[in-house]
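Here is a short set of questions and answers on one protein chain. Each answer works towards a value or a name.

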Amino acid sequence: MEEVSRLRVLLDNISSYLSISSSSDKLSSNPAHKYYSRVEEISKLLMPVLDNLVASDASLTELLNNGFEELSQYIDELREQFESWQPLSSRIFYVLTRSASAPGIVSKVVSKANTSISQAPVETVPQPCIIPATMKETGSSSNMEAEETGGSSNMEVEVKKLIQDLKSSSLDAQREATAQLRLLTKDIPDNRTVIARCGAIAALVNKLYSMDKMIQADAVTCLLNLSLDDSNKTVIAYSGVFKPLVHVLKTGNMEAKENSTRALVSLSKAEENRTKMLEAGAIEPLVRLMGNGSPRGKKDAATALTNLATRNKEKEMVIRGGGVRYLIQMMNPAAGTVERAVVVLANLANVPEAKIAIRDGGGIPLLVEVVELGSPRGQENAAAALCLLCMDSSRFCNTVIREGAIPPLVALTRSGTARAKEKAKSLLKYFEALKQENQRRS
């Protein structure tokens with residue numbers, strides 16, 4: 001069959017990858033070595049699963065159901081590995097894109113790279129995506145690590161100079177300073193600590209109001225990177241950052257808006273911060289981003305709204321802003337945003353206005369589809385949303401039944417998560433009570 005043929009091709013490709021990676025003795029010197037190694041380990045785990053699928057004479061459908069359930073956990077881990085790997089493959093491109101506005105970065109990188117090359121051993125092996133140690137972005141090079149551990153005072157001097165440049169009247173100096181701080185904060189926790197200690201946070205917050213879109217985008221990305229360290233969250237939160245972040249959400253380019261959203265997500269774990277975000281007016285621009293952002297931006301906006309809209313007052317603001325319509329649009333499997341959209345719908349579904357918007361917007365058949373075909377988490381939240389819609393409402397119960405919800409709900413009571421089973425059983429009880437009520441009336 002065609003499916004088996006495709007599985008054989010996948011199996012052959014994995015075998016080829018393992019052959020190539022195992023024959024390269026020099027990978028241990030590569031900053032991406034740990035990613036190669038981890039992908040190799042996962043590939044070796046995939047091999048016997050694929051072998052069984054290809055070789056077995058059993059029902060292909062049954063094998064695929066069983067096999068891919070096992071494969072899914074490996075695929076999720078592979079995705080995490082490649083997401084971690086990605087920064088190693090984008091450094092040069094990122095810096096070169098800054099060359100027009102911050103030529104000093106490129107000239108310094110090229111100069112230092114040439115020095116590194118002139119001092120390198122004669123015997124070298126070309127490695128993909130290997131970045132000069134002096135770029136100060138990845139921290140994966142031993143030279144960089146030595147510089148970080150042995151020259152923290154030099155780092156402080158450099159950072160303080162960059163902070164002064166942020167306050168310069170020259171836009172070029174500001175652009176180069178924000179771009180270099182962005183590189184420095186990207187991957188190295190120690191850099192983030194030094195940069196925060198030198199007082200960069202207040203200067204970066206001020207740059208969120210910059211009319212220059214590149215400065216604004218780089219400044220908000222720096223703050224996002226700094227917020228990834230818990231030790232910096234409190235300082236950032238008390239710097240008056242929330243109104244400026246909302247300003248970026250309203251006025252920035254798409255990159256700035258999406259990184260501002262991610263910063264809000266990073267800082268929204270603390271209840272006090274969530275209150276300040278609401279006071280700053282974060283809900284309205286977050287709802288708009290769910291409507292016009294990239295898939296990643298939409299998912300982050302949905303996450304932020306889940307954290308912020310915990311009371312009916314905020315939920316009604318999301319609904320009035322068109323949030324339900326955008327969430328239903330996000331329930332397109334091709335976009336990869338279904339699971340996050342269902343979480344927010346389940347959070348909103350106890351509000352009467354949301355129930356009507358979900359029904360009128362065509363959300364009910366989509367929720368039923370997620371119950372039938374979604375991931376375990378998606379099934380759980382879709383069942384929870386349907387449960388809230390149908391509670392004390394024969395009209396919604398009838399609508400959900402007409403969409404064919406009963407068979408997948410019955411299946412969910414047997415194979416879902418504990419919460420999914422609970423919600424599915426509650427829905428089936430609602431339907432049974434409705435059936436008995438109709439029989440009494442007839």
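Q: What share of the accessible surface of the protein chain belongs to carbon and sulfur atoms?
A: The model is predicted, and its values are computed from it. The accessible surface of the protein chain comes to about 22,400 Å². The part that belongs to carbon and sulfur atoms is 52%.

Q: How many helices are there in the protein chain, and what percentage of its residues is buried?
A: The chain has zero strands and 26 helices. It holds 442 residues. The buried portion of these is 46%.

Q: Which helix gives the largest share of the largest nonpolar core?
A: This core has 95 residues. Those touching the most other members are Leu204, Val241, Leu286, Leu367 and Leu386. The largest share is eight residues, and it comes from helix α23 (residues 376-390).

Q: Which residues does Leu386 contact, leaving aside its neighbours within four places in sequence?
A: Leu386 is among the core residues that touch the most other members. In general, nonpolar side chains in soluble globular proteins tend to be buried together. The contacts of Leu386 are Ile364, Leu367, Val368, Val371, Val400 and Leu427.

Q: Which backbone oxygen does the side chain of Gln379 reach?
A: Gln379 lies in helix α23. Its relative accessible area is 14%, so it is buried by the under 20% cut-off. Beyond four places in sequence, Gln379 touches Val370, Val371, Glu372, Gly374 and Leu412. At 3.0 Å, its side chain reaches the backbone oxygen of Val371.

Q: Why is α8 largely enclosed by the rest of the structure?
A: Helix α8 covers residues 171-185 and reaches 21 Å from its first C-alpha to its last, close to the expected 21 Å. Its buried residues run from Gln174 to Thr185, including Ala177 and Leu181. The helix is largely enclosed because the buried count among its 15 residues is 12.

Q: At the start of α8, which backbone nitrogen does a side-chain oxygen of Ser170 approach to within 3.4 Å?
A: Here a side chain meets the backbone at the start of the helix. The side-chain oxygen belongs to Ser170. The nitrogen is that of Asp172.

Q: Which residue is linked with Asp172 and Asp212 in a network of salt bridges?
A: The network joins two aspartates and one arginine. The arginine is also one of the buried residues of α8. It is Arg175.

Q: How many residues apart are Glu255 and Arg182?
A: Their side chains meet in a salt bridge at 2.6 Å, N to O. Glu255 lies in helix α14 (residues 254-267) and Arg182 in helix α8, so the pair links distant parts of the chain. Glu255 is partly exposed at 33%, whereas Arg182 is buried at 12%. The separation is 73 residues.

Q: Which helix holds both Glu284 and Arg288?
A: The side chains of these two meet in a salt bridge (3.0 Å, N to O). Glu284 is exposed at 52%, and Arg288 is partly exposed at 34%. They sit four residues apart, about one turn, in helix α16.

Q: What is the phi of Asp392 near?
A: Asp392 is in the loop between α23 and α24. With 79% relative accessibility, Asp392 is exposed. Most residues other than glycine have a negative phi. For Asp392, phi is positive and near 60°.

Technical notes:
Residues numbered from 1 in each chain as written. Predicted model: local features only at pLDDT ≥ 70, side-chain atom pairs only at ≥ 80, totals over all residues. Heavy atoms only, no water. Helix = DSSP H or I, 4+ residues; strand = E, 2+ residues; numbered from the N terminus. Expected span 1.5 Å × (residues − 1). Buried < 20%, exposed > 50% of the residue type's maximum accessible area, 1.4 Å probe, protein only. Polar contact = N/O pair within 3.5 Å; in protein donor to acceptor, adjacent residues only side chain to side chain. Core = buried A, V, L, I, M, F, W, Y, C linked by side-chain atoms within 4.5 Å. Contact = heavy atoms within 4.5 Å. Areas by Shrake-Rupley, 256 points an atom, 1.4 Å probe, with all protein chains shown as cover. Salt bridge = Lys/Arg side-chain N within 4 Å of Asp/Glu carboxyl O.
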